[in-house]
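Dear colleague,

Please find below the sequence and the structure that I am handing over to you. My account of what was found in it comes directly afterwards.

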Amino acid sequence: MGDAQTAFLPFPKPAVPVLKASLLSLQLANRVQETQDTVSFHFNVLNGGCKHYPGQAVALNLPMDTGVATRTFTVSSDGLSADKLSVTVKAADTGYATKWMHQALDIGDRIDARGPFGHFTLAHHPNQPLLLIGGGSGFTPMMSMLRWLHGRGETTDVVVIQCARRVGDLLFRDELQKIAAEMPNLTLFDVATQPDVGEAWSGYRGRVTRSMIRAMVPDSSHRTTFCCGPEGFMEQVSRALKAEGLSAQNFHTETFGGAGTQPVATPTAVDKTVSDDTAQRIPVTFRGTRFDLQPDIPLSTALAAVGQRIPTGCGQGQCGTCRLKLVEGDVDMQQDGGLSPREVNQGFILACCSTAKGALVIEDSV
């Protein structure tokens with residue numbers, strides 16, 4: 001299989017340029033209802049364009065009634081047109097921001113954004129046979145990568161697997177068939193984990209297993225693999241591929257969106273001693289409640305350990321999703337462009353890259 005790679009059209013060089021995040025002005029040009037609860041938002045970039053690699057993400061500033069909320073989404077567009085950018089968003093049951101986008105974001109509306117972010121992209125892995133596997137809305141970056149390959153006329157050997165709970169949840173089905181007809185080295189598989197009773201479905205059923213992987217991709221151990229979806233889904237796929245012989249360095253997972261939230265430990269009782277080392281902990285008042293937090297770790301992680309979830313995106317101080325207002329105290333913040341100088345002067349901090357230097361009072365930014 002290695003000899004055949006010499007016939008592929010060239011990818012970018014392995015050391016592709018780093019794309020620095022920048023402030024973006026977006027205007028919604030179109031919206032497409034992909035499934036019952038998923039919409040693609042297609043934006044025009046008004047201020048000079050946004051070059052992005054397939055699989056990267058952007059942070060959108062959403063002007064909701066309660067104030068501006070920043071949320072990070074993987075880009076679903078191919079990145080080949082710097083003045084076009086698309087995100088495909090599922091309205092989560094508990095996602096107020098995503099529901100607002102579905103209900104209130106109309107064609108012609110303008111919003112601010114920041115991006116792109118992330119290293120989850122096949123642009124860094126040239127001339128390799130690929131396996132792209134996505135579960136639910138985690139298929140979005142896979143579609144971005146496939147659109148990039150198709151738009152460039154690549155002849156790369158690529159297998160694409162989309163997994164969804166129901167048949168009606170599968171994304172981009174018509175476009176996928178069109179791309180498949182024009183890419184002879186592309187193989188598509190759809191998996192419905194829980195098809196409706198009596199529903200006609202000839203594809204694979206149930207959760208992804210090692211035997212299913214083996215049937216779909218007999219040479220999976222030789223493919224550079226990109227995987228995105230719920231945490232349990234990615235873990236299951238990882239175990240199956242590892243059992244088939246895929247090396248860890250050839251398995252790449254998405255780290256944005258839901259994966260950006262921190263694990264939560266047992267919540268700590270308010271104003272109570274949390275452990276024998278309370279004296280070494282730092283008192284932080286957040287949302288009107290005092291918590292004794294572990295020092296020397298990012299505030300997003302420390303707060304998650306006491307049951308206080310903060311929306312996060314990049315985890316690297318770039319996207320601005322985890323913005324908080326510092327009311328009292330001081331922090332050590334190692335941000336990378338996620339806040340403007342004006343926001344810093346106004347007292348905003350990023351929880352993912354800030355550690356407390358002493359007692360703090362912080363609030364949500366909206």
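The notes that follow go from the whole chain to its sheets, one helix, one residue and the cavities.

Please keep in mind that this is a predicted model. All values quoted here were computed from it.

**The protein as a whole**

The protein has 366 residues, of which 48% are buried. Its secondary structure consists of 7 helices and 19 strands. Among contacts with a separation of 6 or more, 68% are between residues 24 or more positions apart. The accessible surface amounts to about 17,000 Å², and carbon and sulfur atoms contribute 48% of that area.

**Strand β1 and its partners**

Strands of a sheet pair through backbone hydrogen bonds, in either a parallel or an antiparallel manner. Strand β1 covers residues 22-35 and runs antiparallel to strand β6 (residues 110-117), with 6 bridges joining the two. Within that pairing, S25 has D112 of β6 as its bridge partner.

β1 is also paired with strand β2 (residues 38-45), again in the antiparallel sense, through 8 bridges. Here L28 is bridged to F43 in β2. The two strands β1 and β2 make a hairpin, with 2 residues between them.

**The parallel sheet**

An open sheet is formed by 6 strands with parallel pairing, in the order β10-β9-β8-β7-β11-β12. The edges are taken by β10 (204-205) and β12 (251-253); each has a single partner strand, so one side of each lacks a neighbour in the sheet. Inside this order, β8 (residues 158-164) and β9 (residues 186-192) are paired in the parallel sense through 7 bridges. In that pair, C163 lies opposite V191 of β9.

**Helix α1**

Helix α1 spans residues 96-104, and its buried residues are A97, T98, W100, M101 and H102. What do the buried residues of α1 pack against? They pack against five strands by name: β1, β2, β3 (57-64), β4 (67-74) and β5 (84-90). The helix is thus connected with both strands of the hairpin described above, β1 and β2.

**Residue T88**

One of the strands that α1 packs against is β5, and T88 is located in that strand. Is T88 buried or exposed? Its relative accessible area is 7%, and because buried means under 20%, T88 counts as buried.

Leaving aside residues up to four places away in sequence, T88 touches E34, T38, V39, S40, S76, T140 and F172. Of these, E34 falls within the residue range of β1, while T38, V39 and S40 fall within that of β2. T88 and P141 are 53 residues apart along the chain, and their C-alpha atoms are separated by 9.5 Å.

**Cavities**

How many cavities of 30 Å³ or more does the protein contain? The count is 2, and the largest cavity has a volume of about 40 Å³. The lining of the largest cavity is made up of I282, L293, Q294, P295, D296, I297, L299, A302, T355 and A356. Helix α6 (299-304) and strand β18 (354-356) each provide at least two of these lining residues. By character, the lining comprises 7 nonpolar, 2 polar and 1 charged residues. The charged one is D296, while Q294 and T355 are the polar ones.

With kind regards

Technical notes: Residues are numbered from 1 along each chain as its sequence is written. This is a predicted model: local features need pLDDT of at least 70, side-chain atom pairs count only at pLDDT 80 or more; totals for chains, interfaces and linings use all residues. Side-chain values use heavy atoms; hydrogens and water are left out. Helices (H or I, at least four residues) and strands (E, at least two) are DSSP runs, numbered from the N terminus. Buried means under 20% relative accessible area, exposed over 50%, partly exposed in between (1.4 Å probe, protein chains only). Contact means heavy atoms within 4.5 Å. Accessible areas come from the Shrake-Rupley method with a 1.4 Å probe; for residues, only the protein chains shown count as cover. On a 1 Å grid over the protein atoms alone, a cavity is a set of points where a 1.4 Å probe fits but cannot get out, and a pocket is an open set with protein on both sides within 12 Å along at least five of seven lines; lining residues have an atom within 4 Å of a point. Grid points are joined across faces, edges and corners, and a volume is the space filled by probe spheres set on the points. Two strands pair if DSSP finds at least two bridges between them.
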